[in-house]
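Here are a few notes for you on this model, set out point by point. I hope they are handy to have beside the viewer.

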Amino acid sequence: MENIESLKRNTELLNTIDWEMTPEEAVRLYLEWGNNWARGNYVIRSKNDETCYFSVSTWKEPPTIYLIRRNSDGAKELAHIKMPERIRKAFIKEHGELKGVYAVEGIVKTWLQKELGAA
């Protein structure tokens, strides 16, 4: 599994990241095929269609950023990234202590894009 340093060097993988994809949208697209027509941007036609996106998991401490590759067969964690303390605190302040999976947005997304040279 990659970390932020190895991910910085993996240009091929970095170029596949969909920065607008959210965990909810990925599930809707890849696991609930019947809903694909409803919003129109993506159409999943086969198991070869996939997306790579970031999410934040708070199921374990500390909250961790994951790079996920998802297709209709399932999801694979490709990288896990530890947030710096100031980013983690800002994330918790915004989202509270609730356990779950969150989209990468706001300060977390800005920091991550800067770190990976995608900003």
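1. Let's begin with Glu85, which counts as partly exposed at 42% relative accessibility. In this predicted model, Glu85 meets the side chain of Arg88 in a salt bridge, with 2.5 Å from N to O. Arg88 itself is buried, with a relative accessible area of 18%; the cut-off for that label is under 20%. Both residues sit in helix H4 (residues 85-95), three residues apart, so about one helical turn separates them.

2. The count of salt bridges comes to seven. Another one to look at joins Lys109 and Glu20, whose closest N and O atoms are 3.3 Å apart. Here the partners come from distant parts of the chain: Lys109 belongs to helix H5 (residues 106-115), while Glu20 is in the loop between helix H2 (11-14) and H3, and their positions lie 89 residues apart in the numbering. Their surroundings contrast as well: Lys109 is buried at 16% relative accessible area, whereas Glu20 is exposed at 59%.

3. Arg69 and Glu50 form a salt bridge too, with their closest N and O atoms 3.3 Å apart. This pair again links distant parts of the chain, as Arg69 is in strand E2 and Glu50 in the loop between H3 and E1, 19 residues apart. Both count as partly exposed, Arg69 at 29% relative accessibility and Glu50 at 44%. If you are listing charged groups, please also note the network of salt bridges that links Glu5, Lys8 and Glu115.

4. What about Arg70: does it lie in a helix or in a strand? Arg70 lies in strand E2, and this residue deserves a look of its own. It is buried yet has no salt bridge. The nearest side chain of opposite charge is that of Glu77, 9.1 Å away; a salt bridge needs a nitrogen within 4 Å of a carboxyl oxygen, so this pair does not qualify. Leaving aside residues up to four places away in sequence, Arg70 touches Ala26, Val27, Tyr30, Leu31, Asp49, Glu50, Thr51, Tyr53 and Ala75.

5. Now to the sheet. Four strands make an open sheet in the order E3-E2-E1-E4, with antiparallel pairing. Strand E3 (74-82) and strand E4 (101-103) are at the edges and have a single partner strand each, so one side of each lacks a neighbour in the sheet. On average, neighbouring strands are turned by 40° against each other, direction ignored.

6. Which strands flank E1 in the sheet order? They are E2 and E4. E1 (residues 51-57) and E2 (residues 64-71) run antiparallel and are joined by seven bridges, forming a hairpin with six residues between them. Among the bridge partners, Thr51 pairs with Arg70 of E2, and Tyr53 with Ile68 of E2. E1 and E4 pair in the antiparallel sense over three bridges, with Ala103 in E4 as the partner of Ser55.

7. How many of the residues of E1 are buried? Seven of its seven are, so to speak, under cover. Thr51, Tyr53, Ser55 and Ser57 point one way from the strand, and Cys52, Phe54 and Val56 point the other way. Helix H3 (residues 23-31) lies across E1, E2 and E4, and runs at about 15° to E2.

Technical notes
Residues are numbered from 1 along each chain as its sequence is written. This is a predicted model: local features need pLDDT of at least 70, side-chain atom pairs count only at pLDDT 80 or more; totals for chains, interfaces and linings use all residues. Side-chain values use heavy atoms; hydrogens and water are left out. Two strands pair if DSSP finds at least two bridges between them. Helices (H or I, at least four residues) and strands (E, at least two) are DSSP runs, numbered from the N terminus. Axes are lines fitted to C-alpha atoms, for helices over the stretch in contact, and angles run from 0 to 180 degrees between N-to-C directions. Contact means heavy atoms within 4.5 Å. Buried means under 20% relative accessible area, exposed over 50%, partly exposed in between (1.4 Å probe, protein chains only). Lys and Arg count as positive and Asp and Glu as negative; His and the chain ends are not counted.
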